[in-house]
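Work through the exercises below with the coordinates open. Each task is followed by a solution in steps.

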Amino acid sequence: MRLLDVQAVLDREDGIRWVESQTTIFEEVLDDSPPQYAILSHCWENEVDYYEMTGLMRMDEHYRNEIKQRAGYKKIIQSCKQAQLDKYRWIWIDTCCIDKHNNSELTEAINSMYRWYSKSQKCYAYLYDVEDSIFPHQQDFSRFDKANGWPVWFSRGWTLQELIAPKQLEFFNRDWDLIGNKESLAETLEKITRIPIAVLRDKQTPRDFCVAQIMSWAADRKTTKAEDRAYSLLGLFAVNMHMTYGEGKKNAFLRLQRQIMGRYSDHSIFAWNPKGQFGQLDGSLASDPSYFRDCHGIERVNTEEFVNEVLGHRPVPDLAPLANLDDSSCLGVQIRLPVIAHQSDSESVLIRVIFACRDYYGNLITVDFKSFQSSFYRIPVAITRHVPHSPPELRTLYLARSAPYSDEDYHYFKLDDKCASYHGFTRRGSFPREFTGDTITFSSHTNDLVVLVYAARDGAKLRFAVVTGYYHGKASVHVVRDESSADHDSSWTDFSKKAYEMLWAAPIEDCVDSGVKCAHLARSIWDARVLWYTGTVETNVIVDVEQCPGCCIGPRERMTASNDPDGFVMPGLMKTVHNIRGLKLDGKCVRLCDCSGQRIRLACTRTWHRHRGFSLSPCDLSRIRCSGSIA
C-alpha cells in the first residue's frame with residue numbers, strides 16, 4: 001500500500017523545500033498494519049497520475065503549471081489540507097497512489113481497495129457538483145440532471161463500496177465545506193441508494209444480506225470501463241479476481257459470480273430478472289448487475305426451513321447437496337434442488353426449479369429452465385405460464401452458466417425526431433440504457449425496452465416518452481404521456497422508469513408492421529405522435545409533435561381499415577401506399593390506388609369519432625393532392 005505524505009505535498013506546494021524524490025512524497029507500508037491515514041472518495045475528472053505526481057518538480061514550468069491547474073491536482077491539495085486539519089500524516093488517493101501501468105500493482109490495489117477503505121480512520125467524499133453549504137435532502141433535477149436528481153457521486157460504480165466500507169465518512173461540497181457525515185445522513189442515504197440504514201451505520205455488514213440484494217444496490221450505477229461494473233463489487237463479496245481489461249462486461253461479471261459461488265452457497269444469485277425482461281434462452285448467471293434491479297426485497301432461506309416448506313415431511317437422504325453450488329463442471333453449475341416438471345418431448349424438457357430464497361412478499365423464488373444438450377438453460381416465465389400442480393421432486397441438475405452459442409441477429413430502430421425538435425421538444429435521455437444518435441440496436445437474444453423521454457424546451461412541464469421494444473423477435477413502438485400534475489416536481493428519469501414498468505406489466509399487443517399512435521399532452525395544445533414502419537431488420541420511427549386539432553378526448557383508438565397482404569392497418573398518417581389500400585372515411589370504405597409518379601401520404605387532423613373513425617368533408621378530400629385516383 002502506497003500512502004501520500006500530507007506534509008511533504010503541502011510543503012512542496014508552498015515552495016518551502018524542493019522535493020524531487022518519490023520517497024519523500026510517498027511511503028510504502030504493509031496494509032496489514034498501516035499507520036493512521038485518511039482516504040479520498042471522489043468522481044474522476046481531469047486527474048493527476050502517479051508519475052505526474054512524483055515527477056512534478058522535474059518538469060518544465062509550462063507542463064508543471066498545466067498539471068497544477070487540473071481539477072485532480074486541486075483535489076489532492078485540498079484533501080491533504082483537510083487531512084492536516086484532522087491531524088493525519090498520511091492519505092490515500094486512488095488517482096496518484098496506484099501505478100496503473102503496473103498490472104500486478106493495479107490488480108492488488110483493486111482486490112484490496114474495500115479493505116483499505118474500511119481500515120481508514122476517515123474518508124472524505126468530495127461532491128464536486130454540490131455548491132450549497134448543506135447536503136441535498138430532496139431530488140433536484142435542475143441541479144443534478146445527470147444522476148437521477150442526486151449528486152453524480154451516487155451514480156458511480158466504485159463509490160458504492162467507498163460509501164459502505166469506511167466507518168467514518170464525511171461529505172464535502174465543491175468548495176470543500178463540510179456538509180454532513182454518513183451517520184447523520186443515513187436516512188437520506190438509504191433513500192438515495194436503497195442500502196439499509198443498519199449497513200450505513202455499521203450495525204450490519206454486506207455479508208448479512210443475500211447476493212441478489214447486494215447486487216441490486218449496484219444495478220443502476222455506472223463505470224467508465226465496462227469491466228469495472230464487476231471489479232468494483234469484489235470487496236462487497238470479499239472475493240478476489242485477476243483484472244483482465246478488454247474481456248468485456250459480461251465475461252467479467254460471469255467470472256465474479258463464479259467466484260461468489262465458490263465462497264457462498266446462496267441461491268439468490270439465480271434470482272435475477274424477476275420480471276422476465278432479459279433473454280429468450282439464457283444461462284443461469286446474469287450478464288450484468290442491472291439484471292438484479294428489482295431484487296432489493298429478496299432474502300435467503302436456510303436449508304432446513306427450505307426443505308420443510310417444499311418437501312414437507314418426506315425423507316431427504318442428504319441435505320448437504322442442497323446447500324452446495326459446484327461450479328467445477330464443464331457442463332455448468334451442479335446443484336441439487338426441488339424441481340416441478342412442466343413437459344417433455346423428444347427434443348427438450350421444461351422444468352420449474354425452486355430456489356432457497358424469498359421475494360418481498362415471502363414467496364419462494366422459482367425459475368423456468370429448458371434442457372439443451374446436457375445442460376439446462378433459463379427461459380422467461382412468460383413462455384411457460386401454465387404449470388401443473390404436481391409435487392416437487394429432488395433432482396441433480398447442471399445449470400448452464402451462459403447462453404448457448406448460436407447465431408445472434410440484430411434489429412435496428414432508426415429514429416427521426418426532427419419534427420419534435422422543430423416544435424420545441426428535445427430528447428432529455430433514455431432508460432434503462434444510455435442512447436445517443438439515431439439508432440437503437442436490439443439483440444435477437446434479448447427481450448428489452450428502451451424509453452426515450454422528450455420534454456419542452458420552454459420550461460413548461462410537458463413530457464412524453466417514446467418506447468421502442470423488441471420481444472420474442474417482434475418490434476413494437478409506443479408513445480406515453482406524462483400524467484403527473486403540473487405542480488409535481490418529478491424528474492424525466494422517474495417518468496421514464498414509470499413508463500418502463502407500465503409497459504412491461506401491460507399485455508403483449510399484436511405487432512403490426514406500420515402505424516401511428518398518439519398521446520395528447522395534458523394541459524397543453526400538443527399531440528405527441530409516433531409513426532413507424534417495420535422491415536426485416538429495421539424499424540423506422542418518426543417522432544412528431546403537432547398542435548391538437550380540437551379533439552382532446554384522451555388516447556386515440558386504432559382500428560383495422562384493411563386486410564391487404566402487407567398490411568396497412570392504421571388510420572391517420574401512414575406508410576407510402578402500394579397497390580390498393582382501404583381506409584374508412586366517415587364510416588365508408590374508401591380505396592386508394594397505386595399510381596406512378598408522386599407517392600401518397602395521407603394525414604387527417606379532422607374530427608375523430610370514437611366509434612366511427614375519422615370524418616372528412618368533401619372540401620377536405622379536395623385538399624389531398626395525388627396523381628392517382630380516390631375511388
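The exercises cover two sheets, two nonpolar cores and two polar residues of this predicted model.

**Exercise 1. Seven-stranded sheet**

Task: State the strand order of the open sheet of seven strands, and find which strands are at its edges.

Solution:
- Step 1. Reading across the sheet gives E2-E1-E4-E3-E5-E6-E7, and the pairing is mixed.
- Step 2. Strand E2 (26-28) and strand E7 (178-181) pair on one side only, which makes them the edge strands.
- Step 3. On average, neighbouring strands of this sheet are turned by 30 degrees against each other, direction ignored.
- Step 4. Inside the sheet, strand E3 (residues 37-41) pairs with strand E5 (residues 122-126) in the parallel sense, over four bridges. Serine 41 has alanine 125 in E5 as its bridge partner.
- Step 5. Helix H7 (residues 103-119) packs on this sheet and touches strand E1 (2-5), E3, strand E4 (90-92) and E5. The direction of H7 makes about 110 degrees with that of E3.

**Exercise 2. Nonpolar cores**

Task: Find how many residues the largest nonpolar core has, and which of them have the most contacts inside it.

Solution:
- Step 1. The count for the largest nonpolar core is 128 residues.
- Step 2. Leu4, Trp92, Phe171 and Leu256 have the most contacts inside this core.
- Step 3. Helix H7 supplies the largest share of the core, namely seven residues.
- Step 4. Take tryptophan 92 as a case: leaving out residues up to four places away in sequence, its contacts include Leu3, Ile39, Leu40, Met113 and Trp116.
- Step 5. Another core, of 28 residues, lies apart from the largest one; Ala420, Phe435, Val512 and Val543 are among its members.
- Step 6. As background, nonpolar side chains in soluble globular proteins tend to be buried together.

**Exercise 3. Four-stranded sheet**

Task: Explain why strands E15 and E19 each have one side without a neighbour in the sheet.

Solution:
- Step 1. The four strands of this open sheet come in the order E15-E17-E18-E19, with antiparallel pairing.
- Step 2. Strand E15 (425-431) and strand E19 (474-481) stand at the edges with a single partner strand each, so one side of each has no neighbour in the sheet.
- Step 3. From one strand to the next, the twist averages 20 degrees.
- Step 4. E18 and E19 run antiparallel and are joined by eight bridges. Alanine 465 is opposite valine 480 in E19.
- Step 5. Helix H18 (residues 492-505) packs on this sheet, in contact with E15, strand E17 (448-456), E18 and E19. Its direction makes about 140 degrees with that of E17.

**Exercise 4. Two polar residues**

Task: Is arginine 463 buried or exposed? Is glutamate 247 buried or exposed? Find the side chain that each one joins in a polar contact.

Solution:
- Step 1. Arginine 463 is found in strand E18 (residues 463-471), while glutamate 247 is in the loop between helix H13 (234-237) and helix H14 (249-263).
- Step 2. The cut-off for buried is under 20% relative accessible area. Arginine 463 has 15%, so it is buried. Glutamate 247 has 17%, so it is buried as well.
- Step 3. The side chains of arginine 463 and aspartate 482 are joined by a polar contact of 2.8 Å. For glutamate 247 the partner side chain is that of tyrosine 231, at 2.4 Å.
- Step 4. Leaving aside neighbours within four places in sequence, arginine 463 contacts residues including Tyr454, Arg481, Trp492 and Phe495. On the same basis, glutamate 247 is in contact with Glu227, Tyr231, Ala252 and Arg255.

How values were computed. Residues numbered from 1 in each chain as written. Predicted model: local features only at pLDDT ≥ 70, side-chain atom pairs only at ≥ 80, totals over all residues. Heavy atoms only, no water. Helix = DSSP H or I, 4+ residues; strand = E, 2+ residues; numbered from the N terminus. Buried < 20%, exposed > 50% of the residue type's maximum accessible area, 1.4 Å probe, protein only. Polar contact = N/O pair within 3.5 Å; in protein donor to acceptor, adjacent residues only side chain to side chain. Contact = heavy atoms within 4.5 Å. Pairing = 2+ DSSP bridges. Axes fitted to C-alpha atoms, helices over the stretch in contact; angles between N-to-C directions. Core = buried A, V, L, I, M, F, W, Y, C linked by side-chain atoms within 4.5 Å.
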